[in-house]
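Visitor: Please take a close look at one part of this model, and then show me how the rest is arranged around it.

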Amino acid sequence: MKIYEKINFTFFRFIIFVLSRFEQPLEKKYYMKRHQDILDRLTKEKHLEVLELCEMLNVSAVTIRKDLKFLEQKGLLHRTHGGASIENPYINERTVLDKEKISVEEKNGIAQMAATRIVENDSILIASGTTVQAFSKYIQPKNKLTVITSSLHVVLHLINDKNIEILQLGGYIRHSSASVIGNYAEYILQNVSCSKLFLGVDGIDLEYGLSTTNLEEAELNKKMLNAAQKVIVLADSSKFGKKSFARICDLSRVDEIITDSGISDIKRKKLEEKEIKVTIVNGL
């Protein structure tokens, strides 16, 4: 081998050596930044779909799934079907007093919008939960309104309005939600029909559907669905991407979801693809 060829070969090997030394740190730096971007976005939005992360970071779904698996192993997030959540997507039961302190402005905005869905001489069903409790504060019918509800708090909000006829469902009282459950309530619902059900939930998942923490409450909600011509879900954006113990129904049963501006564009579009009207409001 000629001397200049030896020099060129040695130089070439040197270049390869240098590149090999820097290749791994650069790659590591790149995916570390990507991981940080994922965590920053999750901290803000609480739940993200794989497709959202692919578009945001301009990488493949395979890469995102590997990232999410790695971050879950480090205890930094929770993987869900088709995405990830910064919080545990499986919800534990909390009391009404605890829930009332969460997303207060968002719930009031949702509640005020929901009140506009009531028409003259309407008959409606109101389930339990802090968002529907807030909704009841904004109900001010000009003419007769019939309300059937499982929530004791809703009754207390409406009881002084003489334009409102209230049918309080009977049964066992759940202390954590201040609402009734059981066969007595379910029996009454088999013999009534209302124009709308205003439903609060603990979780909304694109595949799993609507869910709540209590199995008996889920059963009562199912009877409410059958007694209503239209189903309107009132839920702040923190409920999306979450599952709870008791499944209520598939999203195909839902006509409209009223939520706040924290919902992502991709989730909104996926819901609209299911022919669900999504109404977004600002908090009060």
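Guide: Helices (H or I, at least four residues) and strands (E, at least two) are DSSP runs, numbered from the N terminus. The part I have chosen starts with Glu87, which is placed in the loop between strand S3 (83–85) and helix H4 (96–99). This is a predicted model with residues numbered from 1 along each chain as its sequence is written, and its local features need pLDDT of at least 70, its side-chain atom pairs count only at pLDDT 80 or more, and its totals for chains, interfaces and linings use all residues. Side-chain values use heavy atoms, with hydrogens and water left out.

Glu87 counts as partly exposed because its relative accessibility is 34%, where buried means under 20%, exposed over 50% and partly exposed in between (1.4 Å probe, protein chains only). Apart from residues up to four places away in sequence, Glu87 touches Lys46, His78 and Lys242, a contact being heavy atoms within 4.5 Å. Of these partners, Lys242 lies 155 residues from Glu87 along the chain, yet the two C-alpha atoms are separated by 8.8 Å.

From Glu87 we can turn to His47, which belongs to strand S1 (residues 47–49). With a relative accessibility of 2%, His47 counts as buried. The C-alpha atoms of His47 and Ile86 are 6.4 Å apart, although 39 residues separate them along the chain. Once neighbours within four places in sequence are set aside, His47 is in contact with Leu42, Thr80, Ala84, Ser85, Phe240, Gly241 and Lys267.

Strand S1 ends at residue 49, and helix H2 (residues 50–57) begins at residue 50, packing against helix H3 (residues 61–73) at an angle of about 110°, with the two axes 9 Å apart. Axes here are lines fitted to C-alpha atoms, for helices over the stretch in contact, and angles run from 0 to 180 degrees between N-to-C directions. At that angle H2 is therefore roughly perpendicular to H3, since angles under 35 degrees count as roughly parallel, over 145 as roughly antiparallel, 65 to 115 as roughly perpendicular and the rest as oblique. H2 contributes Val50, Leu53, Cys54 and Leu57 to this contact, and H3 contributes Ala61, Ile64, Arg65 and Leu68. Sorted by class, the contact of H2 with H3 holds seven nonpolar residues, no polar ones and one charged one; Ala, Val, Leu, Ile, Met, Phe, Trp, Tyr, Cys and Pro count as nonpolar, Asp, Glu, Lys and Arg as charged, and the others, Gly among them, as polar.

Another helix pair can be read in the same way. Helix H5 (residues 104–115) packs against helix H6 (residues 130–137) at about 55°, and their axes are 8 Å apart. This angle makes H5 oblique to H6. On the H5 side, Lys107, Asn108, Ile110, Ala111, Ala114 and Ala115 meet Thr130, Thr131, Ala134 and Phe135 of H6. The class count for H5 with H6 is six nonpolar, three polar and one charged residues.

Beyond H6, in the loop that leads to strand S5 (145–149), is Ile139. Ile139 counts as buried because its relative accessibility is 6%. Ala115, one of the H5 residues that meet H6, is 24 residues from Ile139 in sequence and 5.7 Å from it in space, C-alpha to C-alpha. Residues up to four places away in sequence aside, Ile139 touches Ile118, Ile124, Ile126, Leu145, Leu158, Asp161 and Ile164.

Further along the chain, Cys249 lies in strand S13 (residues 246–249) and is buried, its relative accessible area being 5%. Its contacts, again without residues up to four places away in sequence, are Tyr208, Gly209, Leu210 and Leu225. Asn221 is 28 residues from Cys249 along the chain, and their C-alpha atoms are separated by 8.9 Å.

Two loop residues deserve attention for their backbone. Most residues other than glycine have a negative phi. Ala178, in the loop between strand S7 (172–174) and strand S8 (179–181), has a positive phi near 50° and is buried, with a relative accessible area of 14%. Glu275, in the loop between helix H10 (265–273) and strand S15 (277–281), has a positive phi of about 65° but is exposed, with a relative accessible area of 71%.

Seen as a whole, the protein has 10 helices and 15 strands. Of its 284 residues, 46% count as buried, and among contacts between residues at least 6 apart in sequence, 61% join residues at least 24 apart.
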